[in-house]
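Me: Could you take a close look at one part of this model for me? I'd like a connected walk through what surrounds it, and plain language is fine.

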Amino acid sequence: MRTAVTIRWIAIGSALLLFVGATAAYTQTPPTGSEAVLDRVVAVVNNRAILASDVASEQRFAVLDPEKSGRDQLPPKRALQLLISRALIQQQIRQEDATVSEPSSDEVRARLAELRKELPACVRAQCATDDGWSVFLATNGLIAEQVEAYLRLRLEVLRFIQTRFSQGIRISPQETEGYYRDKLLPQYAQGQPAPPLETVAPRIEEILLQQQVNVMFSAWLDNLRKQGDVEVLDPSLESAADAKDGLNNEGEP
């Protein structure tokens, strides 16, 4: 039964641009055996530091986005803008009732299982198998525990935004079918199995829901930026679109 649209993996990747900011929970550990590189603060958001290593981690985690996996690397400027927006949202969650948005361990495990089975990049790498998953993680410089922490925080932010902005929005079957045909199926290479429409329909509904939510959400985020204290300390990461770069054209995080 589909009442409130269920949080699902594909929506996490394709619906909102703002799911989670980089934290120590999933920041990569520097490679051993190489020269130690001192981390540095590249931006400050309401007294919260964003590090150069956070930006690098954000670039690596872009492979988990179904619309970006296999494309060019996420630019550092773009990665920083996502982190700034996410930091503002996480701070807002903490000011309100953080427990309402907190996902359970079972939800995180379920999202991870869906990612491994359905993310196009994972389908190509056969991530549903343990060997394939291990190779995928190693190839992309990721660690399993960090991916789980990343998903947990994305789920938390997604739930907060859905609760705040999605009331009263309805998605038609025609819209769902159109997205499946025009957006999802082309992501699978010829000969690779794509999930049937009835299986992924709840996730597609959420993607379309979030695209509508983003219209309201973007204005809310702009207001957070104007009220907050955001300072970019690295001139090379400054962007002309700083004030409005929390969401991309497709409304993704």
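The part to cover below is helix H7, residues 130-139.

Reply: Happy to. This is a predicted model, so local features are taken only at pLDDT of at least 70 and side-chain atom pairs only at pLDDT 80 or more, while totals for chains, interfaces and linings use all residues. Numbering starts from 1 along each chain as its sequence is written, and side-chain values use heavy atoms, without hydrogens and water.

A bit of context before the zoom. The protein has ten helices and three strands (DSSP runs numbered from the N terminus: H or I of at least four residues for helices, E of at least two for strands). Read from the N terminus, the order is α-β-β-α-α-α-α-α-α-α-α-α-β. Of the 253 residues, 51% are buried, where buried is under 20% relative accessible area, exposed is over 50% and partly exposed is in between, using a 1.4 Å probe and protein chains only. Take contacts (heavy atoms within 4.5 Å) between residues at least 6 apart in sequence: 81% of them join residues at least 24 apart.

Now H7 itself. Its buried residues are Gly132, Trp133, Phe136 and Leu137. They sit on the same side of the helix because they span an arc of only 135° around its axis, the arc being that of the directions from the axis to the C-beta atoms. Helix geometry fits this spacing: an α-helix has 3.6 residues a turn, so residues three or four places apart point the same way. On the face turned away from the buried side you'll find the exposed residues Asp130, Asp131, Val135, Ala138 and Thr139. After the helix comes Gly141, with a positive phi near 65°.

What does the buried side of H7 pack against? Three helices: H5 (105-118), H6 (120-125) and H8 (144-165).

H5 has 14 residues and stretches 20 Å from first C-alpha to last, close to the expected 20 Å, where the expected span is 1.5 Å times one less than the number of residues. Its buried residues are Val108, Arg111, Leu112, Glu114, Leu115, Arg116 and Glu118, so charged side-chain names turn up in that list alongside Val and Leu.

H8 tells a similar geometric story, with 22 residues and a reach of 32 Å, close to the 32 Å expected. H8 is mostly covered, with 16 of its 22 residues buried. One of the residues in H8 is Glu156, which is buried at a relative accessible area of 6%. The C-alpha atoms of Glu156 and Glu102 are separated by 5.2 Å, although the two residues are 54 apart along the chain.

Two cysteines also deserve a glance. Cys122 is buried with a relative accessible area of 0%, and Cys127 is buried at 0% as well. With a disulfide taken as a pair of cysteine sulfur atoms within 2.5 Å, the count is zero.

Gly141 isn't alone in having a positive phi. Most residues other than glycine have a negative phi. Asn46, however, has a positive phi of about 50° without being a glycine, and Asn47 does too, at about 75°. Asn46 is in the loop between S1 and S2, as is Asn47. By accessibility, Asn46 is partly exposed at 31%, whereas Asn47 is exposed at 75%.
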